[in-house]
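Open the model in your viewer with a cartoon for the backbone. The stops below go from the whole chain to its pockets.

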Amino acid sequence: MSLPHAILTALLEKPSSGLELTRRFDRSIGYFWSATHQQIYRELGRMEQAGHIRALPAQVPARGQKKEYEVLPAGRAELTDWVGRSEDPKPIRDSLLLRLRAAAVVGTEGLADELRRHLDLHQAQLAEYLGMEERQFPPERDSGEDRLRHLVLRGGIELERFWIMWLTEALAEFEARA
């Protein structure tokens, strides 16, 4: 149920069209909550029907013009309520972990290459996050809102560091077994 909340958050930060939301998901929100273009547009329709958002009136009416949306008071209230709710952490569902467990039963053929590939992907993601941190959070950007946004990015950075450490350890285990 978090996609509508991710959209409400993005729209409260800046009224946007569906296309702009999709781009923003690709650049930031999507790092921790992904959604396809179609999912975003479907959800925008539902949220508009529920009275959480509305399309802004066009400056100049034109056929095929993109709609820009803003959050209505009911949408802000829903997001505020959701932020304060209690929610249990979700269990990890990662196929690589399951495949490693299965390898203990059927053998590890090809798995070391996959671990190396994942290590490369996590190292690249960490580099991207560190670049984002440098660009988006210079020392002078220190408002309360910026500190919370930075905290989210720091969570991503630490998760990538965890995966790099764990994959390095897993590969060392593979080498020790060889």
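Start with the whole chain, colored by secondary structure: this predicted model has 7 helices and 3 strands. Following the chain from the N terminus, the order of elements is α-β-α-α-β-β-α-α-α-α. The radius of gyration is 21 Å, well over the 16 Å from the globule rule for 178 residues, so the protein is more spread out than a compact globule. Align the view to the principal axes, and the C-alpha trace spans about 70 × 40 × 35 Å.

Next, turn on the surface. The accessible area is about 12400 Å², with 55% of it on carbon and sulfur atoms. Of the 178 residues, 31% are buried. Among contacts with a separation of 6 or more, 58% join residues 24 or more positions apart.

Now select Ser 28, Ile 29, Phe 32, Trp 33 and Val 152. Among the 46 residues that line the largest pocket, these lie nearest its centre. The space in this pocket is about 2200 Å³. Add α1 (2–13), α2 (18–27), α4 (73–84), α6 (111–136) and α7 (144–177), the elements that each give two or more residues to the lining. Which of them gives the most? It is α7, with 12 residues. Color the lining by residue class to see 23 nonpolar, 10 polar and 13 charged residues.

Last, select Leu 56, Pro 57, Ala 58, Lys 66 and Glu 68. They lie nearest the centre of the second largest pocket, which has 11 lining residues. About 210 Å³ of space is found there, and its lining splits into 4 nonpolar, 3 polar and 4 charged residues.

How values were computed. Residues are numbered from 1 along each chain as its sequence is written. This is a predicted model: local features need pLDDT of at least 70, side-chain atom pairs count only at pLDDT 80 or more; totals for chains, interfaces and linings use all residues. Side-chain values use heavy atoms; hydrogens and water are left out. On a 1 Å grid over the protein atoms alone, a cavity is a set of points where a 1.4 Å probe fits but cannot get out, and a pocket is an open set with protein on both sides within 12 Å along at least five of seven lines; lining residues have an atom within 4 Å of a point. Grid points are joined across faces, edges and corners, and a volume is the space filled by probe spheres set on the points. Helices (H or I, at least four residues) and strands (E, at least two) are DSSP runs, numbered from the N terminus. Ala, Val, Leu, Ile, Met, Phe, Trp, Tyr, Cys and Pro count as nonpolar, Asp, Glu, Lys and Arg as charged, and the others, Gly among them, as polar. The radius of gyration is taken over C-alpha atoms; the globule rule is 2.2 Å times the number of residues to the power 0.38. Buried means under 20% relative accessible area, exposed over 50%, partly exposed in between (1.4 Å probe, protein chains only). Contact means heavy atoms within 4.5 Å. Accessible areas come from the Shrake-Rupley method with a 1.4 Å probe; for residues, only the protein chains shown count as cover.
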